[in-house]
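Here are some exercises to help you find your way around a new structure. Try each task with the model open, then read the worked solution.

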Amino acid sequence: MTFDALVYQGLIGVSLAMYLWLLAAGLTIAFGVLGVVNFAHGSLYMLGGYFAFTYYLTLEINFWLSLLLAALSGAAIGSIMERFFLRYIYHLDLAYQILLTFGFVLIFADAARIFWGGIPLIPPMPEVFDSTVRIVGRPFPVYNLFVIFVGIAASALLWLLLDKTSWGETVRASASDREMAGALGVNIPRLFTVVFSFAAMLAAFSGALGTPVRAMTPGIGTSVIIDVFIVTVIGGLGNLPGAFVGALIIGLMKAYGVLLFPDADLFMTYLIMALVLLFRPKGLLGGR
Amino acid sequence: MDGWTTLTKTRLETRLALAAGAALAVALLAIPLFGDYVIWLTANMLILALFAVGFNLLFSFTGLLSFGQAAYFAIGGYVCAKILLAVPSLLLGIVGGLLAAGVAALIIGFLCVRHTEIYFAMLTLAFGMMVHSIIWKWRSVTGGDDGLVGVPRAPLEIPGVLSVDMADLDRYYYFVLVLVSLGIYAIWRVVRSPLGLTLQSIRDSESRVTFSGLSVRKYRLIAFTIAGLASGLAGALMVPLGRSASPAIANWTFSAEPVIATLLGGAFTFAGPIVGAFLFYIIKEIVVIFTGYWMMTLGIIVVALVLGFRGGVVSVVQRHLLPLLARRRNDTGERR
Amino acid sequence: MNALFQAWGVRKTFGEFVAVNDVEMTLEKGVLTSIIGPNGAGKTTLINLFTGKLPCDSGRLDFDGTEITGLAPHQRVRLGVSRSFQITNVFQQMTVAENLQLPVLARLGRAGRPFARPDRDPDVRGEVESLLADIGLGKARDVRAKALPHGDQRLLEIGMAIACRPRLCFLDEPCSGMNPGERAQVQELVRKLTKMRDVTFVIVEHDMDVVFALSDRVIVMHQGNVLTEGNPDAIRNDARVKEIYLGEEVGA
Amino acid sequence: MAGKYELNRRRFLKATAAGGAALAAPFIGLGRAHAQATIKIGAQGVSSGSHADYGRQIQMGARFAAEEINAKGGIKGQKVEILYRDDELNNEVALKNARYFKEQGVNFMVGTDSSGICLALGPVLPELDLIQIFTHAATEKLNEDLVFKKGIKHIFRGSVPVYQDAILPALVFKDDKDIKRIANLGADYEYGRTSWAMFHSTLKKHRPDIEIVGETWAPFFTADFTPHISALAAKKPDLIFATPWAGEAVLMLRQATTLGVFNDIKAWWQCMGGSVDVMEGISRDVAQGKFKNKLWATARYIWNWPDTPENKGFVARFNERWGRLPNYSAECTYSAVFALKAAVEKAGSVKTADVIKALEGLEISTPAGKRYYRPEDHQAVYNVPAGRVAYNKAVAPIAHLTDLKVFPAADYFRKPPFS
């Protein structure tokens with residue numbers, strides 16, 4: 001692999017990683033605070049994408065606003081999921097959460113078919129991004145650069161939100177010790193609803209960000225979710241910086257895998273997941 | 001949670017048990033009267049039931065949530081298919097698939113039982129998907145995404161003893177019925193054997209088991225292997241039925257089926273997964289007859305069941321219906 | 001004197017905190033030893049190290065002349081080192097008899113039998129019955145553990161600890177949360193078992209009455225070190241012991 | 001306690017019985033003899049998940065055919081009834097559906113999308129004693145191995161085999177001297193592997209100077225092909241041969257345009273790119289000239305060819321009935337139903353054996369043109385063009401194929417004995 005290819009594929013990989021990162025961030029926060037493993041997280045990605053399509057193309061709202069609205073719509077759905085469903089099974093075994101959210105995967109997949117039809121939907125690329133810049137002598141999509149930028153910006157915002165605001169403090173508190181936080185007068189139920197819809201928002205935003213380059217289909221939710229699990233596990237369940245690193249690893253794996261081990265890319269990702277779980281179950285950044 | 005309450009009962013339940021047990025036996029034996037489609041469906045339900053009961057030995061009776069059981073189902077199925085394509089001997093195929101799955105479970109389990117809870121679930125998922133990607137990629141052996149097709153439903157032969165042709169679906173159905181019953185009966189014996197006591201004790205208090213002088217990991221591995229064997233047998237039985245093996249049976253979505261069956265029917269009960277397996281198929285069958293949007297309908301039902309029947313159907317029956325009946329007949333003697 | 005259990009330079013730290021600091025200790029056969037000391041003295045950690053619940057950072061442990069430092073807890077149990085827990089650790093959903101089946105099966109090496117019936121194994125039944133008799137819960141054999149009064153649960157706890165026929169048995173605060181009557185019962189039981197099953201008990205206990213009434217020998221720990229040891233009277237009158245327990249009523 | 005365990009066995013049986021009892025319930029009435037007032041045809045395809053539109057088109061094609069036949073008095077006076085089921089792109093489900101159809105007393109079956117499914121279903125057809133005309137899956141194993149070599153007579157295919165996806169482009173590009181360096185963006189499963197192999201081997205026969213500069217394989221359900229595309233672009237190919245289909249084709253093509261691939265390559269061949277759902281998906285980009293007229297595609301039927309009254313009429317009526325242009329899976333299924341009609345009328349019976357005889361060597365005029373069911377391998381031989389993807393509101397609301405290149409299928413389809 002030449003140096004140029006290394007750089008170019010690397011950048012491609014990083015842009016891939018950003019979608020995964022936004023998704024994994026949501027899953028990680030939800031797990032860290034609520035202890036929920038949300039199988040429908042990928043479906044929220046899908047819904048985000050469809051919403052963005054509708055706002056941007058059908059309702060002709062401008063692109064930026066569409067992204068925002070799509071993310072908020074995702075948050076709304078997330079809050080409903082938590083407030084009226086998940087809330088009632090926290091005391092049950094982990095498996096019940098998985099089954100419940102799996103039910104939502106099925107529901108959302110068909111909902112997409114009902115509202116948007118079975119055919120793949122993709123809006124036109126907004127003019128601003130509709131060009132390429134030359135990197136190592138080859139055209140590189142401006143949109144992918146934008147995605148990288150957004151991903152990093154989002155990380156910064158997340159960090160500010162969680163480490164520098166009192167709300168973030170509350171979240172981290174209840175993540176580390178629910179009872180304690182409750183005792184300190186935090187309204188846990190409300191916090192959970194907010195946190196879960198925040199997580200859903202991140203997923204929906206990732207999907208919305210994806211629409212111009214990744215067509216939305218009713219099945220896309222299940223195809224992304226496993227990747228997100230891999231990322232979250234590699235980073236260490238509930239470990240946000242870890243999720244970022246995990247996303248980078250998988251993104252780059254996919255990008256370089258095409259060149260290095262084209263016939264084993266899938267196997268390799270699962271192998272990494274297994275090795276991390278075996279030797280660093282708390283994740284690469286989680287310590288032993 | 002509470003495995004042992006499910007092992008105590010009332011005289012009322014005994015009578016119901018006798019009646020219903022007889023009814024079930026008759027129903028299952030009479031299935032062929034309903035024609036090929038029902039035979040086919042029931043055979044599939046029985047196979048899922050065995051698959052789920054194996055899963056449940058891990059989940060309810062050892063406290064481990066495996067999310068990669070499809071791997072052993074698929075290994076059992078593919079090995080059986082390979083054998084049948086080479087030598088047309090049903091018994092050889094089934095036994096081969098069973099053993100292969102057992103060995104795989106022993107090896108992978110050895111690595112997986114280091115963890116519990118979500119870490120265990122994720123680890124089993126990872127290994128499960130590795131098996132899936134191998135099956136998908138190793139085209140020369142597994143036929144890639146086309147899978148192995150045209151597998152003969154070979155006759156059941158024990159040289160010099162017997163030879164039964166399996167071309168008829170109802171014959172094969174009875175074969176499945178017998179093996180599934182044996183498999184489930186074996187696991188049911190395990191559950192109330194010393195081994196079963198040990199496993200449930202591990203579920204309830206790891207440290208106490210350790211300080212009774214037992215290696216917790218060793219017994220977890222044993223449970224994992226038994227579950228793998230059950231999955232393998234189920235997979236091996238599935239292949240001659242459909243006369244093909246496809247990678248879909250190794251995918252994580254297929255690992256979800258025993259989970260769904262178990263939770264629908266009732267975790268922490270022995271019969272739960274069996275009831276759930278039947279429910280799962282029946283619900284879907286009914287749904288697809290009425291709507292093309294079966295996914296949404298099934299999803300809504302699943303959500304409703306999780307929220308409404310938290311303990312699953314069986315335990316709801318146990319906890320609510322039976323006590324009501326019992327009270328009406330002032331039948332005491334419940335230890336609960 | 002014959003050493004049943006010996007510890008050389010056993011050390012355990014949690015981060016900065018030194019829980020057990022190079023402890024040397026010898027426990028003799030048949031000598032009922034109590035380990036006392038104020039909270040945080042490292043008593044429970046010490047038992048965890050001796051029984052293998054925690055690995056030692058450094059040091060060596062011998063049991064009956066063989067080194068056990070590297071052995072897993074269940075292997076130590078097999079050699080004859082067992083324990084009870086400070087927080088009652090019995091199977092709440094099982095009956096008293098069912099609770100005792102597991103350790104018995106384990107000792108008989110039958111815990112892995114896949115098809116037998118634990119309750120139909122005559123050997124198991126016999127031992128369970130005799131254990132029930134010994135711990136005086138015969139009447140409660142079919143009562144679920146969660147339905148037992150606290151005191152009886154503690155007795156069952158001890159029963160499970162001795163069900164695997166240990167030669168050395170650590171009891172972690174056997175009398176915690178008991179009323180005087182129940183404490184008397186426990187002392188009675190411990191004496192009885194020492195004689196009948198010749199188990200050497202080592203007790204960690206806060207209740208000085210129990211300690212001084214029961215022990216042949218008392219070891220005092222303070223901040224991870226063995227402060228002093230001796231017979232109950234010696235300890236009762238030891239100035240340093242009074243000091244570390246400042247104020248705390250020591251015996252008498 | 002012994003007593004207690006005694007009771008367990010019964011408790012266990014009891015709870016199991018709940019399932020047994022419930023089980024029989026939904027099927028009362030199944031398995032009875034079916035009075036044959038109508039001719040029933042079981043159709044299945046994937047109508048859930050990412051490829052949902054293909055099953056939808058199969059369903060529309062089958063039902064539309066039945067409606068038209070019934071409007072004209074049915075088949076020999078008997079009405080045609082279509083039963084449709086979702087095969088979920090899953091072998092087990094497809095096999096289950098086939099059993100269901102049998103139970104419902106269908107006379108024939110049509111449809112199914114994936115090659116895995118048709119290879120699993122084919123060998124079971126004799127056991128079911130049912131004919132199925134496959135109308136989407138393209139694997140050559142179906143006609144070459146199952147029908148020709150293994151002699152499973154119940155299998156027919158009314159859609160084109162992979163030859164058309166793979167050999168046709170070789171014929172299209174063999175005369176284009178600018179194309180020397182070819183690369184493959186393959187769907188990592190049998191379809192993608194065989195198509196590519198067939199394409200480059202055929203092309204090399206005509207053009208020894210052709211050089212393969214790159215191969216990448218993307219697994220099923222890939223959400224982002226950017227790495228694959230950029231890896232290929234780095235090799236500076238003249239032509240990229242791409243097999244991912246349906247939604248994956250749409251997003252892959254968008255990703256290719258954002259990477260600016262179409263500035264450098266000379267042509268991009270999109271197998272099944274002529275599929276209506278893909279055309280709908282990429283219309284805007286085509287309209288904006290994103291593909292620089294370098295995007296070539298085919299399908300298993302192209303709605304704007306042949307230019308015959310029969311085809312024009314079909315497209316118009318279909319469009320009126322469903323508000324969509326017919327996809328190939330719709331036309332192939334539609335024509336399959338008519339083929340069955342013709343066969344039944346020719347045989348004067350609905351008996352499987354007779355209809356098989358009648359279908360062998362059947363020549364029938366369909367919207368796609370004349371279809372001839374080769375007796376040796378039961379493969380329908382008919383012409384489908386390849387073309388350049390263009391957009392013209394005057395012609396259609398969605399992108400379509402122009403400069404159509406037609407090669408007689410009879411010439412380039414692989415022929416028995418397939419050696």
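**Exercise 1. Find what share of the contacts in chain D, between residues at least 6 apart in sequence, join residues at least 24 apart.**

Start with the term: two residues are in contact if their C-beta atoms, placed from the backbone, lie within 7 Å. Next, take the contacts in chain D between residues at least 6 apart in sequence; 72% of them join residues at least 24 apart.

Before you go on, note that this is a predicted model, in which local features need pLDDT of at least 70 and side-chain atom pairs count only at pLDDT 80 or more, while totals for chains, interfaces and linings use all residues. Residues are numbered from 1 along each chain as its sequence is written, and chains are lettered from A and ligands numbered from 1 in the order in which they are written.

**Exercise 2. Compare the radius of gyration of chain D with that of a compact globule.**

First, the rule: the radius is taken over C-alpha atoms, and the globule value is 2.2 Å times the number of residues to the power 0.38. For 419 residues this gives a value near 22 Å, and chain D agrees, with 23 Å. Then look at the extents: the C-alpha trace spans about 80 × 65 × 45 Å along its principal axes. Finally, count elements: chain D holds 16 helices and 15 strands, where helices (H or I, at least four residues) and strands (E, at least two) are DSSP runs numbered from the N terminus.

**Exercise 3. Decide how well covered helix H11 of chain B is.**

Step one is length: H11(B), residues 252-265, reaches 21 Å from its first C-alpha to its last, close to the expected 20 Å (1.5 Å times one less than its number of residues). Step two is burial: a residue is buried if 20 or more other C-beta atoms lie within 10 Å of its own, exposed if 12 or fewer, and partly exposed in between, with C-beta atoms placed from the backbone. Eleven of the 14 residues in H11(B) are buried, so the helix is mostly covered. Among them are B:Phe254, B:Glu257 and B:Leu264. After the helix comes B:Gly266, with a positive phi near 130°.

**Exercise 4. Describe the surroundings of B:Asp145.**

Locate B:Asp145 in the loop between helix H6 (139-142) and strand E1 (148-149) of chain B. B:Asp145 is buried, because 24 other C-beta atoms lie within 10 Å. Not counting residues up to four places away in sequence, B:Asp145 touches B:Trp136, B:Pro247, D:Gly116, D:Tyr189 and D:Glu190.
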